[in-house]
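User: I am new to this structure. Please pick a single part and look at it closely, then show me how the rest is built around it.

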Amino acid sequence: MSGVGATLAINARWEVTRLRRSQRLWLLLIPPVAGPVGSAIADLYLKIPSQGTALILGLLVTGGLGALIMLDLTALAVGEDLTLRAHLTAFPLPQDRTALLGGRVAVVWGGTLGAYAIGAAGVWVLGGALVTTQPGAVTPLFPPSHLLLALPALLIFLGGVTAAAAVITRAAAQALVAGILAGVLAAGAASYFVFEHQLSAVFPVGLAGIGIVGLGFALYRYPQLEA
Amino acid sequence: MASEVLSLEHLSKRYGSREALRDVSFHLAAGESVGYLGPNGAGKTTTLRMIAGLTVPSGGTVRIHGKDPSRERADALARVGVLVETPGLVPYVLGEDLLDYIAAVKGVPSRHRATAIREAARQLGVEEHLARPVGSLSTGLARRLLLAGALIGDPEILLLDEPTLGLDPAARQDLRKVLSDLRRAGRTILLSTHLLEDVQELCDRVLFLRDGQLVGDEPVERVRTDPRGAPLRGLHLRFIDDIVGERLRSLLGEAGTVELDGPREATVYFPGDERRQAELLAAIIGAGLPLASASPPEPELGRRYLAKVGREDAT
């Protein structure tokens, strides 16, 4: 028998093992590598006129890659066992099922947010070093530092919606589709607010709130799922 | 009397308008090995799911060492090994990964974990397959791996649902030996199965389930005996024409019994050896009874299964 802390740790380790064996662990390298390198190449060859625009471009690339990884890994962490009926092995074990899911999601969310953070830091450093703002360059739509902080909120939103969908549908594939649709809605809403000049901190905070509620729902419902 | 480790009281389960289980009550004492028999859809798996905390009962209670597995899951299932239904396997993890995870959750200390995994895998004959991704294992090997997972951590109670499903005859025999050893070591076993021979060989007691209701709770008698405990020999007789039971009884004498299985079939039990059997057959033919064939009787448990739940699924 294990306590909640031990269950969290055991299942976090189990998730790392699964990521390693499935090779999905490599996905976490994409935002820190492809984000800064891709945006640096764009900075140099597209001759981005301002440092702010270069940073926004780089953060969007890094955040977008992070979002895809968040969707994929969350859908699988919550929904794969339910799809395969592998939960019939894990559920009768003497452990708290909320902690079971919490341990696995902690690795996926922590890994994705960490990967984004490293990638964003790379973009920030490279963008600052490679691009100089040209005189007369158009001012970016919003400060890059705001986007830097807003993108983790988007990742949390997507992860939360995907986790909730995985518990409801009991299928990783359907959860992934739900997460993608949620991402499209979020992008559409963000575009609307930008063009209406109404984009404020409320939007990302709201997204993060929805994501936390989604994860909370998943953690609450998961232990109640019947075989 | 041994202490009670598992207790079901008035357990019921309803799926919509369908009642899968109705008012089922039974108890298992420590060290008891109990067979749970019934046809498909009788409610065996539903019962085991509720004991394993996989399904919440619609009514009644389950207690494992006094704990409710649907509410106090970790405490109730701490010393229980479970194999219910046919769990899926995550194809890319290795067998040793899966067993290591199960051992860790069951609280096997890390310094003993490798030994516990090897021992469980050795018992089930999957030791050399531990380094393979589970998706590459055959159905039988995967089943044995899951059984090894159920045995890890030296569980006091084993809940096994069709454990020999998908196993070849040799593996089935190996598993019977493992379970037989565990039974002798004092483990409590609840074995849900279609295979009467598993119950006959491994269980002290048998529960019969039909249409979600418990219709029998009896000891497993391995050999039929006379009132003094001496073993009886049995013969299943088939005749060409209808027979009268009294004529058979008179041929057998007071020590024998006759059970009519139909107008032209009967099973007789009598004390004695092969010579006595030959004398009896000669007497039957000599008395002019139209004997068509004589064969060993259907196993006792099979006869009782058919009497309790009907012909469906008995193998």
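Analyst: Start with the outer face of helix H8 of chain B. The side turned away from the buried side carries two exposed residues, Glu246(B) and Ser250(B). Exposed means over 50% relative accessible area, buried means under 20%, and partly exposed lies in between (1.4 Å probe, protein chains only). Helices are DSSP runs of H or I with at least four residues, strands are runs of E with at least two, and both are numbered from the N terminus.

This is a predicted model: local features need pLDDT of at least 70, side-chain atom pairs count only at pLDDT 80 or more, and totals for chains, interfaces and linings use all residues. Residues are numbered from 1 along each chain as its sequence is written, chains are lettered from A and ligands numbered from 1 in the order in which they are written, and side-chain values use heavy atoms, with hydrogens and water left out.

Now turn H8(B) over. The helix covers residues 245–252, and Gly245(B), Leu248(B) and Leu252(B) are buried. Seen down the axis, the buried residues of H8(B) fall within an arc of 65°, so they line one face of the helix. That arc is taken from the directions from the helix axis to the C-beta atoms.

What do the buried residues of H8(B) pack against? Their partners in chain B are strand S10 (233–239), strand S11 (257–262), strand S12 (265–270) and helix H9 (274–286). A contact here means heavy atoms within 4.5 Å. Just after the helix, Gly253(B) takes a positive phi of about 90°.

Helix H1 of chain B, residues 44–51, is mostly covered: seven of its eight residues are buried. The buried set includes Lys44(B), Arg49(B) and Ile51(B). A glycine follows here too: Gly53(B), just after H1(B), has a positive phi of about 75°.

Most residues other than glycine have a negative phi. Glu85(B) has a positive one, near 55°. This residue sits in the loop between strand S5 (80–83) and helix H3 (95–105) of chain B. Glu85(B) is buried, at 17% relative accessible area. Glu162(B) is also not a glycine, and its phi is positive at about 50°. Its loop joins strand S6 (157–161) and helix H6 (169–184) of chain B. Glu162(B) counts as buried, at 12% relative accessibility.

Step back to the whole chain. Chain B has ten helices and 13 strands. Of its 315 residues, 51% count as buried. Its C-alpha atoms fill a box of roughly 75 × 45 × 35 Å along the principal axes. Among contacts in chain B with a separation of 6 or more, 65% are between residues 24 or more positions apart.

Chain A has eight helices and zero strands. The radius of gyration of chain A is 19 Å, close to the 17 Å that the globule rule gives for 227 residues, so it is as compact as a globular protein of that length. The radius is taken over C-alpha atoms, and the rule is 2.2 Å times the number of residues to the power 0.38. The C-alpha trace of chain A spans about 65 × 35 × 30 Å along its principal axes. Buried residues make up 49% of chain A.
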